[in-house]
Structures are given as C-alpha cells and as structure tokens.
Amino acid sequence: MRRPIKRKHLPQPDPTYGSLKVSKLINYVMERGKKDTARRIVYKVMEELKKDGDPVAILEDALEKASPSVEVRSRRVGGANYQVPREVRPERRLALGLRWIVQAAEGTKGKPMHVSLLNEIRAAHKGEGSAVTKKETTLRMAEANKAFAHFTW
C-alpha cells in the first residue's frame with residue numbers, strides 16, 4: 001500500500017514582485033541560511049532585468065526555456081540497467097530549471113554572483129547558456145532511449 005502524499009511547504013510569494021518563482025529563486029541562491037544576502041543578489045538581478053522589460057516575465061520565460069519536459073531515470077530489469085525516459089512533473093520542472101540556472105551562474109568564476117546570474121538568465125531567455133544546453137542534452141538522452149519507454153513504473 002502506498003503511503004499518503006506529504007503536504008509540501010510552499011514559500012510565500014515574494015513581497016516586492018508578488019511572484020512565487022522569485023521567492024524560490026532567492027531560496028536557491030541562498031547559501032548557509034543567509035537569506036538577506038540572497039535577496040540582495042536576486043533583487044539586483046531583477047533591477048537590471050527591468051531595463052529589458054518586465055523582470056518577472058523574463059525570468060519565467062528563461063525558466064520555461066531551461067526546464068526539461070522529459071528526463072531519463074535508471075530502471076533495473078533482469079540484471080540490466082536501462083535509462084527509461086519519463087515525463088517530468090511541473091514542480092520538478094521548475095526545481096530543475098532553477099537549479100540548473102543557479103548552478104551555471106555559480107560555475108562562472110571571477111565575477112560577482114549577481115552579474116553571472118543576470119548573464120545566465122539573459123542567456124536562457126535567448127535560448128542559450130549552460131542551463132539550456134543541459135536541458136537539450138537531457139532531451140537528447142530521452143530521445144535516444146525511447147525504445148525503453150515501455151519499462152515504466
């Protein structure tokens with residue numbers, strides 16, 4: 001018998017922009033519980049994005065372009081491991097998109113975090129950058145392993 005579904009704690013929408021995605025981005029940028037520092041970084045990025053248009057819309061578009069729709073999961077069948085393509089739930093899509101954008105920004109050395117995060121969000125908005133490349137790689141792996149799609153849970 002399956003166990004009951006846990007109630008997920010959702011963070012409050014961001015007070016400045018009223019967006020849940022902005023508050024989640026703040027939480028992903030945060031390190032060692034320093035939320036005020038993370039908030040300062042994200043707000044600097046949003047101020048810079050205002051020059052290009054609506055910052056929340058740009059962030060949402062960048063997340064849409066960096067979030068995968070399909071991923072591969074390992075499945076053991078008869079002594080062999082298969083990479084089985086699976087559809088990604090909406091909550092996980094958002095989490096992966098945010099994680100990949102923030103990791104790509106953290107991977108850029110020699111620049112302040114707000115500059116590299118801004119560059120990564122702008123690149124994802126254009127359909128470029130490390131996060132979008134990672135999404136395309138994941139999609140390619142799922143396409144290559146489409147033959148094993150019948151090994152679903």
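**Secondary structure and helix packing in the predicted model**

Read along the sequence, the protein follows the pattern α-α-α-β-β-α-α-α. The model is a predicted one, and the protein in it contains six helices and two strands. Its C-alpha trace extends over about 55 × 35 × 25 Å along the principal axes.

The two strands were examined as a pair. Strand E1 covers residues 70-77 and strand E2 covers residues 80-87; the two run antiparallel and are joined by eight bridges. Within this pairing, valine 72 of the hairpin lies opposite proline 85 in E2, and serine 74 faces glutamine 83, likewise in E2. The hairpin of E1 and E2 has two residues between the strands, and glycine 78 adopts a positive phi near 55 degrees there. In a regular strand, side chains alternate between the two faces of the sheet.

Helix packing was analysed next. Two packed helices are described by the angle between their axes and by the distance between those axes. Helix H4 (residues 90-106) packs against helix H5 (residues 113-126) at an angle of about 130 degrees, and the axes are 8 Å apart. Because of this angle, H4 is oblique to H5. The crossing in which H4 passes H5 is right-handed. On the H4 side, the contact is formed by Ile101, Val102, Ala104, Ala105 and Glu106, while H5 contributes Met113, Ser116, Leu117, Glu120, Ile121 and Ala124. Classified by residue type, the contact of H4 with H5 comprises eight nonpolar, one polar and two charged residues.

H5 also packs with H2, at an angle of about 50 degrees and with the axes 9 Å apart. H2 and H5 are therefore oblique to each other, and their crossing is right-handed. The residues of H2 in this contact are Ile41, Lys44, Val45, Glu48 and Leu49; those of H5 are Met113, His114, Leu117, Leu118, Ile121 and Arg122. The contact of H2 with H5 divides by class into seven nonpolar, one polar and three charged residues. Met113, Leu117 and Ile121 of H5 take part in the contact with H4 and also in the contact with H2.

A further packing concerns H1 and H4, whose axes come within 10 Å and cross at roughly 50 degrees. This crossing angle makes H1 oblique to H4. H1 passes H4 in a right-handed crossing. Lys21, Lys24, Leu25, Tyr28 and Val29 of H1 meet Leu94, Ala95, Leu98, Arg99 and Val102 of H4. By class, the contact of H1 with H4 has seven nonpolar, no polar and three charged residues. Val102 of H4 is among the residues in contact with H1 and is also listed in the contact of H4 with H5.

Aromatic side chains were considered last. The structure holds one aromatic pair. The ring centres of tyrosine 17 and tyrosine 43 are 6.1 Å apart and the ring planes lie at 55 degrees, so the pair is classed as tilted. The pair links distant parts of the chain, its two members being 26 residues apart: tyrosine 17 belongs to the segment before helix H1 (20-29), whereas tyrosine 43 belongs to helix H2 (residues 35-49). H2 thus enters the description twice, through tyrosine 43 in the aromatic pair and through its packing with H5.

How values were computed. Residues numbered from 1 in each chain as written. Predicted model: local features only at pLDDT ≥ 70, side-chain atom pairs only at ≥ 80, totals over all residues. Heavy atoms only, no water. Axes fitted to C-alpha atoms, helices over the stretch in contact; angles between N-to-C directions. Helix = DSSP H or I, 4+ residues; strand = E, 2+ residues; numbered from the N terminus. Parallel < 35°, antiparallel > 145°, perpendicular 65-115°, else oblique. Left-handed = near helix turned anticlockwise from the far one by under 90°. Contact = heavy atoms within 4.5 Å. Nonpolar A, V, L, I, M, F, W, Y, C, P; charged D, E, K, R; others polar. Phe/Tyr/Trp six-rings, centres within 6.5 Å; stacked < 30°, edge-to-face > 60°. Pairing = 2+ DSSP bridges.
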